[in-house]
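Student: I would like a close look at one part of this model, with its surroundings worked through in order. Please start from a pocket and follow the connections from there.

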Amino acid sequence: MLLLLYLYAMRNLFNFILFGFFVFLLKSCDNNKITKPAYLNIEKLEMAIDPSSTYGNTSSKITSVWISSNNVNLGAFELPIEIPILMDSGGTHAIKIEPGIDINGISSFRGIYPFYSSLEFGINLIPGETANLPVGSSNIVYYDYDSPQGQLYIKSLENFESLNRQMTITSQSDISWTLTSSPNLKFPAPQGETNTYSGMALLDTGNCKFEVSSNENFILPGGGKNVYVEFDYKVTNPITIGVIASNPGQIIQMPTATFLPNKKWNHAYVNLITEVSGSPQASAFKIFLGSAKLNNGIRDTILVDNLRLLYRE
């Protein structure tokens, strides 16, 4: 009996000591309150309207952003996004946003577009609250001022606003461009800009190949420098874009990207870096666009607008 009482007392003593130990641990913990993050809401980014644009409409398709706050990189995010920003206290933060695109139309192949300017501004952030971009700060422009990468060149390949074609059919083509001003076919220009015509090609039995190339031969930078083509398209048949390289003694045609049919107008960014830098002996390049009809038993429509070439030297 005495043994049982002894063991019971020892157990209670052990429990008391264990309880006291946990109390000590809790008191020794940091009781500082955790500051809630602030949030930055970004719905979309677009190019600033430019009614005097000579290279076509200021159409764009910015799908992602790279963000830093007070020179701390927060990462890359798909738009739209509400980004949490950890902070010790509220106040003005220096925000930098770099616009990102789907390279060659591939949503899993995203990157910062090297020809768009970044957005930089100060914004007051309050822990636990959401802030929107300052008014007017969601509009971007081409980064055409002084850059360590060199001067920016924007060449209009075709905007269909004149009678003369800058991209004409090749010997591989059964058909040529036609102009369309039909409201349900032509590219819908951003508000504040005009768009009278778009280019159209109709593929049917007996007219099943369409291909055009630039009249101008371009001397493009190699050595791993970015060379892009932008354009708007709405097609019921796949289209391919690429380059034709003038090498010593031979002409080599190299496709870069193919875009599948779509029901709405889309904006594409095609990076020609692999084809151009991979042809160091080429004296010049032409840009081509083409489509070979699928055996689907229907008439297909190719609609294209605002083709432009961009690079730095």
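Tutor: What follows starts at one pocket, moves through the strands that line it, and then turns to other parts of the chain.

The model is predicted. The pocket to look at closely is the second largest, which holds about 220 Å³ of space. Its lining consists of 14 residues, and those closest to the centre are Phe210, Glu211, Gly290, Ser291 and Ala292. Sorted by class, the lining of the second largest pocket has 7 nonpolar residues, 5 polar ones and 2 charged ones.

Which strands each supply at least two residues of this lining? They are β15 (209–214), β17 (239–247), β18 (250–259) and β20 (285–292). Of the lining residues, 4 come from β20, and that is the largest share. Two of the central residues named above, Phe210 and Glu211, have numbers that fall in the range 209–214 of β15. Gly290, Ser291 and Ala292 have numbers that fall in the range 285–292 of β20.

β20 is therefore the strand to follow, because it gives the largest share of the lining of the second largest pocket and because a residue counts as buried under 20% relative accessible area, a condition that 6 of the 8 residues of β20 meet. The strand is described as mostly covered.

The pairing of β20 can be followed towards β15 and towards β17. As background, strands in a sheet pair through hydrogen bonds of the backbone, in a parallel or an antiparallel arrangement. β15 and β20 run antiparallel and are joined by 5 bridges. Within that pairing, Ser213 has Phe288 in β20 as its bridge partner. β17 also pairs with β20 in the antiparallel sense, here over 6 bridges. In this case Ala245 stands opposite Phe285 in β20. Both β15 and β17, which pair with β20, also supply at least two residues each to the lining of the second largest pocket.

From β15 the chain can be followed into the loop that leads to β16 (227–235), where Pro221 is found. Is Pro221 buried or exposed? Pro221 counts as buried because its relative accessibility is 9%. The C-alpha atom of Pro221 is separated by 10.0 Å from that of Ala284, although the two residues are 63 apart along the chain.

For comparison, the largest pocket has a volume of about 360 Å³. It is lined by 19 residues, of which Glu46, Thr58, Ser59, Ser60 and Lys61 are the closest to its centre. β2 (46–47) and β19 (266–271) each supply at least two of the lining residues of the largest pocket. By class, that lining divides into 9 nonpolar, 6 polar and 4 charged residues.

A separate sheet in the model is an open one of 3 strands, in the order β5-β1-β9, with mixed pairing. Why is one side of β5 and one side of β9 left without a neighbour in the sheet? β5 (81–85) and β9 (130–132) stand at the edges and have a single partner strand each, so each has one side that no strand of the sheet covers. The twist averages 30° from one strand to the next. β1 (residues 38–42) and β9 run parallel, with 3 bridges joining them. One of the pairs here is Tyr39 with its bridge partner Thr130 in β9.

Charged contacts come last. The count of salt bridges is 6. In one of them, the side chains of Arg110 and Glu78 meet at 3.4 Å, N to O. This pair links distant parts of the chain, with Arg110 in strand β7 (residues 110–112) and Glu78 in strand β4 (residues 72–78), 32 residues apart. Arg110 also forms a salt bridge with Asp102, at 2.8 Å, N to O. Glu78, Asp102 and Arg110 are thus linked in a network of salt bridges. The burial of the three residues can be listed in turn. Asp102 is buried, at 11% relative accessible area. Arg110 is partly exposed, at 27%. Glu78 is partly exposed, at 48%. Another salt bridge joins the side chains of Arg165 and Glu158, at 3.1 Å, N to O. Both Arg165 and Glu158 are buried.

Notes
Residues numbered from 1 in each chain as written. Predicted model: local features only at pLDDT ≥ 70, side-chain atom pairs only at ≥ 80, totals over all residues. Heavy atoms only, no water. 1 Å grid on protein atoms, 1.4 Å probe; cavity = no way out; pocket = protein on both sides within 12 Å on 5 of 7 lines; lining within 4 Å. Points joined across faces, edges and corners; volume = space filled by probe spheres on them. Nonpolar A, V, L, I, M, F, W, Y, C, P; charged D, E, K, R; others polar. Buried < 20%, exposed > 50% of the residue type's maximum accessible area, 1.4 Å probe, protein only. Pairing = 2+ DSSP bridges. Axes fitted to C-alpha atoms, helices over the stretch in contact; angles between N-to-C directions. Salt bridge = Lys/Arg side-chain N within 4 Å of Asp/Glu carboxyl O.
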